[in-house]
Amino acid sequence: MGKATQDLLNEHEAILHVFSILDKMLISSRNDEERDLNFADELVNFLSIFADKCHHGKEEGILFKELEDRGVPNQGGPIGVMLQEHVLGRQLIALMREALQGADMETFKIHAVEYRDLLRQHIQKENVVLFRLADQIISDEKQAELFERFEEHEENVIGHGVHEQLHAQIHAWETLYQL
Ligand SMILES: [Fe+2]
Ligand SMILES: [Fe+2]
């Protein structure tokens, strides 16, 4: 795997791991509304910053553009499908946030499950189809260059140290839900 695609793959792993914490929360038998509302709030923040702005931003602004330049079709092709799913994901994040503003945990859970299911299959497609294709048509040197641009993007969009904070937050959730 190239340096850029490996970075995105690692972020997929982090997102999937967070979904396994969400699953624990959904099946938790201990009714603790305050704990769950807090987690839900932090989760929406994580999905918006890490999954959407940081991760989808790297894909849309950098990797997908490079693939398009190399002849991979956008509209009617795999990139177009990925972009549509990013848009759908953003809409679901907005719906989750809206539900939480009214402390409506049941509606939040419905949209959180929709988002989880959307992203799980989205990530699978990227890992198995798009990233493999990227590794075939983008050289190692170019991948290293794209990775540098990913680092810049991360710095600009989420700022220094936020990535680490988000990972620390994941560890705190693990403790909270005994994962
Ligand atoms: Fe994506
Ligand atoms: Fe992705």
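Me: In which helix is the place of Arg149?

Reply: Arg149 sits in helix α5 of this predicted model.

Me: What makes Arg149 count as partly exposed?

Reply: Its relative accessibility is 34%. Buried requires a value under 20% and exposed a value over 50%. Because 34% falls in between, Arg149 is called partly exposed.

Me: Which residues does Arg149 touch, not counting residues up to four places away in sequence?

Reply: Arg149 touches Gly61 and Ile62. The cut-off for a contact is heavy atoms within 4.5 Å. The C-alpha atoms of Arg149 and Ile62 are separated by 7.5 Å, although their positions lie 87 residues apart in the numbering.

Me: How do you know that helix α2 and helix α5 pack, and at what angle?

Reply: A packed pair of helices is described by an axis angle and an axis distance. For helix α2 (residues 33-69) and helix α5 (residues 140-157), the angle is about 145 degrees and the axes are 10 Å apart. Their crossing is right-handed. On the α2 side, the residues that meet α5 include Gly57, Gly61, Ile62 and Glu66. On the α5 side, Leu146, Arg149, Phe150 and His153 are among them.

Me: How do the residues of the contact of α2 with α5 divide into nonpolar, polar and charged?

Reply: The contact has six nonpolar, three polar and six charged residues. Gly is placed with the polar residues under the definition used.

Me: Why is Gly57 called buried?

Reply: The relative accessible area of Gly57 is 17%. The limit for buried is under 20%, so Gly57 meets it. Gly57 is in helix α2. Leaving out residues up to four places away in sequence, Gly57 touches Asp52, Ile62 and His153. The C-alpha atoms of Gly57 and His86, 29 residues apart along the chain, are 9.7 Å from each other.

Me: Which residues coordinate the iron ion (ligand 2)?

Reply: The donors are His12 (NE2), His55 (NE2), Glu59 (OE) and Glu126 (OE), at 1.9 to 2.2 Å. The cut-off for a donor to iron is within 2.8 Å, so these distances satisfy it. Along the chain, the spacing of the donors is H-x42-H-x3-E-x66-E.

Me: Why is the arrangement around the iron ion (ligand 2) called irregular?

Reply: The angles between its four donor atoms run from 85 to 169 degrees. A tetrahedral site needs all angles between 85 and 135 degrees, so 169 degrees rules that label out. The assignment for this site is irregular.

Me: What ties together parts that are 114 residues apart in sequence?

Reply: His12 belongs to helix α1 (residues 3-27) and Glu126 to helix α4 (residues 105-137), so this pair links those parts. His12 has 0% relative accessibility and therefore counts as buried. Glu126, also with a value of 0%, is buried as well.

Me: Which residues coordinate the iron ion (ligand 1)?

Reply: Glu59 (OE), His86 (NE2), His122 (NE2) and Glu126 (OE) do, at 2.0 to 2.2 Å. Their spacing in the chain is E-x26-H-x35-H-x3-E. The iron ion (ligand 1) lies 3.2 Å from the iron ion (ligand 2), and Glu59 coordinates both.

Me: What makes the arrangement around the iron ion (ligand 1) irregular?

Reply: Its four donor atoms subtend angles of 85 to 179 degrees. Because 179 degrees is outside the range of 85 to 135, the site cannot be called tetrahedral. The arrangement is classed as irregular.

Me: Why are His122 and Glu126 separated by about one helical turn?

Reply: Both are in helix α4 and they are four residues apart, which means a separation of about one turn. His122 and Glu126 are both buried.

Me: Why is Leu26 called partly exposed?

Reply: Leu26 has a relative accessible area of 25%. That value is not under 20% and not over 50%, so the label is partly exposed. Leu26 is in helix α1. Beyond its neighbours within four places in sequence, Leu26 contacts Lys109, Val113 and Arg116.

Me: What sets the phi of Ala103 apart, given that it is not a glycine?

Reply: The phi of Ala103 is positive, at about 50 degrees. Ala103 is in the loop between α3 (78-101) and α4. With a relative accessible area of 41%, Ala103 is partly exposed.

Key: Residues are numbered from 1 along each chain as its sequence is written. Chains are lettered from A and ligands numbered from 1 in the order in which they are written. This is a predicted model: local features need pLDDT of at least 70, side-chain atom pairs count only at pLDDT 80 or more; totals for chains, interfaces and linings use all residues. Side-chain values use heavy atoms; hydrogens and water are left out. Four donors count as tetrahedral if all angles lie between 85 and 135 degrees; four count as square planar and six as octahedral if opposite donors are over 155 degrees apart and all others between 65 and 115; anything else is irregular. Helices (H or I, at least four residues) and strands (E, at least two) are DSSP runs, numbered from the N terminus. Buried means under 20% relative accessible area, exposed over 50%, partly exposed in between (1.4 Å probe, protein chains only). Axes are lines fitted to C-alpha atoms, for helices over the stretch in contact, and angles run from 0 to 180 degrees between N-to-C directions. A crossing is left-handed if the near helix is turned anticlockwise from the far one by less than a right angle, and right-handed if clockwise.
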